[in-house]
Structure formats: C-alpha cells, structure tokens
Amino acid sequence: MTRVFTIQTSGAGLYEFTREVADWVRGDGLLTLFIRHTSASLLIQENADPEVQTDLGAFFDRLAPPSDHPAMSYLTHTYEGPDDMPAHIKAALLPVSLSIPVMGGKLALGRWQGIYVFEHRRAPHRREVVAHLSP
Amino acid sequence: MTRVFTIQTSGAGLYEFTREVADWVRGDGLLTLFIRHTSASLLIQENADPEVQTDLGAFFDRLAPPSDHPAMSYLTHTYEGPDDMPAHIKAALLPVSLSIPVMGGKLALGRWQGIYVFEHRRAPHRREVVAHLSP
Amino acid sequence: MTRVFTIQTSGAGLYEFTREVADWVRGDGLLTLFIRHTSASLLIQENADPEVQTDLGAFFDRLAPPSDHPAMSYLTHTYEGPDDMPAHIKAALLPVSLSIPVMGGKLALGRWQGIYVFEHRRAPHRREVVAHLSP
C-alpha cells in the first residue's frame, strides 16, 4: 500500500504531518516514509514545545550557514542561491527515510514524537513524501 | 512480528543490545528498530574498541554543548535542564530508526558493527525500542 | 529477495550506484539498503551537479577533521590512522540504512536523487551494501 503526501512549505522550518499519516495507516505492519528531495528532510521530533523546533532550526543554521557567510567561503555550488548548498548539507545530515512500526492501526510513536518535513529552503516548495505500508 | 526492547540507561553514552536483537530474529526478512524518544538515539557503530565510543561521545558533546555553555546562548528551550535541548539536537542528527536485513536467521551486520542506544540525557532513563520483523 | 552490491572505493568521496540498484528492483514493494561498515555511509543526494558532492565532502572534512588536526586533539582512537576516527564520526552522522519505496518496478526517487556510498577512508576499500526487497 502506497500513498504520496504533499506538504506545501513557506520558508525554512518544521512542518508537522503526524495526523495525516496516523489517519492513513491501519492494521499491523511497518510504515516507511521517503522524501523525494535533496533540500528538505524528514524528522521525528518533540511535538510539545515549539521552542524545541526554533532551537533546532537555529542550531542547523549555525552548523551550515548560508554560502554567502564568511565561514562558508569554501563552497563552490552557489549559483542556486545562498541557501541551496546548506540545504543539501542539512539534507545529508537529516533523514531522507524513516520507518515506524504500526500496531493495531496505530503508529508506535512515543508520547512526544511528531513527524515533520524539515524544509531547508527559503522559497515556498511543494514537497512529496512517499508512504509505504507493508503488512 | 513485533517486540519492545527496554534499555535502562544511567547517563549519557552508548548502550549495546546487539545480542538481545540477534537472539530474537529468525528466518529471512527485514528487521526494523524504532526508538520511541526524542532525547536518545539508535546507532550502529564499531563494537571492537571502546575508545571509539568515548570519542563519539566527546565529538557530539562539542558539536552540541549543554545550553549553559556560552556557545549555546542562543537556545531558548532551557527549562528542562542544560542537557535537554542538546539531547534533542543529537536525536535529530542520529538515527531514530534503523533497518537491517536478516538472512538465515542472522542479522546482516558487518564484522565490527554493534547496535546501540545512544543516551543523550544525564539522568537515568528507561528507553523503549520497538522491533519489527517482516518476512 | 536479497542481494549484496559491492562498491570498490579509491579514496574519500561519493560513489554512485543508482543504476545498479534500479536495474535490480522490480514490482511493488520496499527496497532497503544496509551498509556493513562503520567508516563508510550510504547517502541519497543530488546527482546533477558534481560541485554539490565536492562541497559535501569539504563540509564533513571541516566538521570532523583528521585526528592529527589541532582541533581534534581530544580524540583517543588514533592508532588506526588520522582518518579513522573522523570516519566513524561521519558514519554516525550519515545513514547506515535507507529505505525507498518501489512502484511499478521503479524506485520512487525524486528527479535529482542519486544513491551513493560515501567513503570516509583514504585507502581503497571494498564496501558491501546488502539490499533487501520486500513485497
């Protein structure tokens, strides 16, 4: 069983879609999510306190600043904009696929875990996540 | 086939549970592990030399120091303790799920690979890892 | 259905093997790749512009420099060479397993996504990637 979730983003940050996924799964099996992009990621993170998401964004922006930042002068792939190569770096560091067991129709997520698309580009994007449910 | 492994931790660091998983799998298929937390991770790493594990811990502590460290003054999520937000950062950087093929009842791990829970918090925690074995 | 792909490397960097994998998969299901090493990784990244791969390598070399670099003087696992412990660090940060849905005999990769082995050691290595295809 396969489905594509489409997540419209409007700038860098985390976009939760736990509910859409939870509504789709059923029975017992394994859910796999796969994001079809190299400048956005999947992420499972805390869904309780929005400060966590702000801080995560701030950490990754410091780890991989825009390519017009002096610390990133060694980058060569700059013609797609200063946020493009850092987006590829973040996409290497963060998950492109995630697998979550499904038990009795429910995702085996912990109490505080939500499923997110982590958008790394500034401009709006339409992101596709392919979901696969195996029995 | 599903099972929950519980790993009791006693401070930050790596906790191996390769043997428990190896004893549980059978036949041919795919093992998936999923950790139900946002401040601890799964990790496959070298199981031969304990220095590797010490150095991994040291690297990640330098990459994401406690939130009372001057370099982390930009963090806002601090009320759960100085080791909490760095734990979320490490949990974003390290795997929440892992999939390992099983062949003839054996995990397809390489010779030096062990399966670990990487605890990011200082206080003891009871960590749950959901294992799913698909045929 | 299981198969082992062997990728011969000749120094640090990205080695694409998308075509070999695409030629092997069939039907509808889930492909899982697992690399049997702790000093090389799997990676899905942009396959269009080779500068992206150069920059990725440069970023990770700065994030985890060789152990004879002054910034890494805290490392203790050094007897296997200055590129060994940074290789373990990179292998912790980058994927050891990847799962990609297969639909109608085709990998559900995005237009710009390629599948790579990311070699972290300087010396040539023969890397094994176990592929599992579930229905």
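Me: What share of the 135 residues of chain A counts as buried?
Reply: This is a predicted model, where local features need pLDDT of at least 70, side-chain atom pairs count only at pLDDT 80 or more, and totals for chains, interfaces and linings use all residues. Residues are numbered from 1 along each chain as its sequence is written, while chains are lettered from A and ligands numbered from 1 in the order in which they are written. A residue is buried if 20 or more other C-beta atoms, placed from the backbone, lie within 10 Å of its own; it is exposed if 12 or fewer do, and partly exposed in between. Of the 135 residues of chain A, the buried share is 49%.

Me: How many helices and strands are there in chain A?
Reply: Helices (H or I, at least four residues) and strands (E, at least two) are DSSP runs, numbered from the N terminus. Along the sequence, chain A reads β-β-α-β-β-α-α-β-β-β-β. The count for chain A is 3 helices and 8 strands.

Me: Which share of the contacts in chain A with a separation of 6 or more comes from residues 24 or more positions apart?
Reply: Two residues are in contact if their C-beta atoms, placed from the backbone, lie within 7 Å. The C-alpha atoms of chain A fill a box of roughly 50 × 30 × 20 Å along the principal axes. Among contacts with a separation of 6 or more, residues 24 or more positions apart account for 79%.

Me: Which strands stand at the edges of the open sheet in chain A?
Reply: Two strands pair if DSSP finds at least two bridges between them. The open sheet of chain A has 5 strands in the order S1-S8-S3-S5-S6, with antiparallel pairing. Each edge strand has a single partner, so one side of each is left without a neighbour in the sheet. These edge strands of chain A are S1 (2-9) and S6 (106-107).

Me: What is the bridge partner of Leu31(A) in S5(A)?
Reply: Strand S3 (29-35) and strand S5 (97-103) of chain A pair in the antiparallel sense, over 6 bridges. In S5(A), the partner of Leu31(A) is Ile100(A).

Me: Which residue of S8(C) stands opposite Ile35(C)?
Reply: S8(C) runs antiparallel to S1(C), residues 2-9, and 8 bridges join the two. There, Ile7(C) stands opposite Arg127(C). S8(C) also runs antiparallel to S3(C), with 6 bridges. Opposite Ile35(C) in S8(C) stands Val129(C).

Me: Which residue of chain C comes closest to the axis of the rotation that lays chain C on chain B?
Reply: Copies are superposed by least squares on the C-alpha atoms of residues with pLDDT of at least 70 in both. A rotation of 120° with 0.0 Å of shift along its axis lays chain C on chain B, at RMSD 0.0 Å. The two copies are thus related as by a three-fold rotation axis. With its C-alpha at 3.6 Å, the residue of chain C closest to that axis is Leu93(C).

Me: Which element of chain C gives the largest share of the side that touches chain B?
Reply: Here 22 residues of chain C are in contact with 26 residues of chain B. S3 (29-35), H3 (84-93), S5 (97-103) and S8 (125-134) of chain C each supply at least two residues to that side. It divides into 10 nonpolar (Ala, Val, Leu, Ile, Met, Phe, Trp, Tyr, Cys and Pro), 1 charged (Asp, Glu, Lys and Arg) and 11 polar residues (the others, Gly among them). The largest share, 5 residues, comes from H3(C).

Me: Which element gives the most to the side of chain C that touches chain A?
Reply: At this interface, 26 residues of chain C are in contact with 22 residues of chain A. S4 (40-46), H2 (50-63) and S5 of chain C each supply at least two residues to that side. Its residues divide into 16 nonpolar, 6 polar and 4 charged. The most, 7 residues, comes from H2(C).

Me: How many of the 10 residues of H3(C) are buried?
Reply: The buried residues of H3(C) include Asp84(C), His88(C) and Leu93(C). They pack against H3 of chain A, S4, H2 and H3 of chain B, and S4 and H2 of chain C. H3(C) is largely enclosed by the rest of the structure, because its buried count is 10 of the 10.
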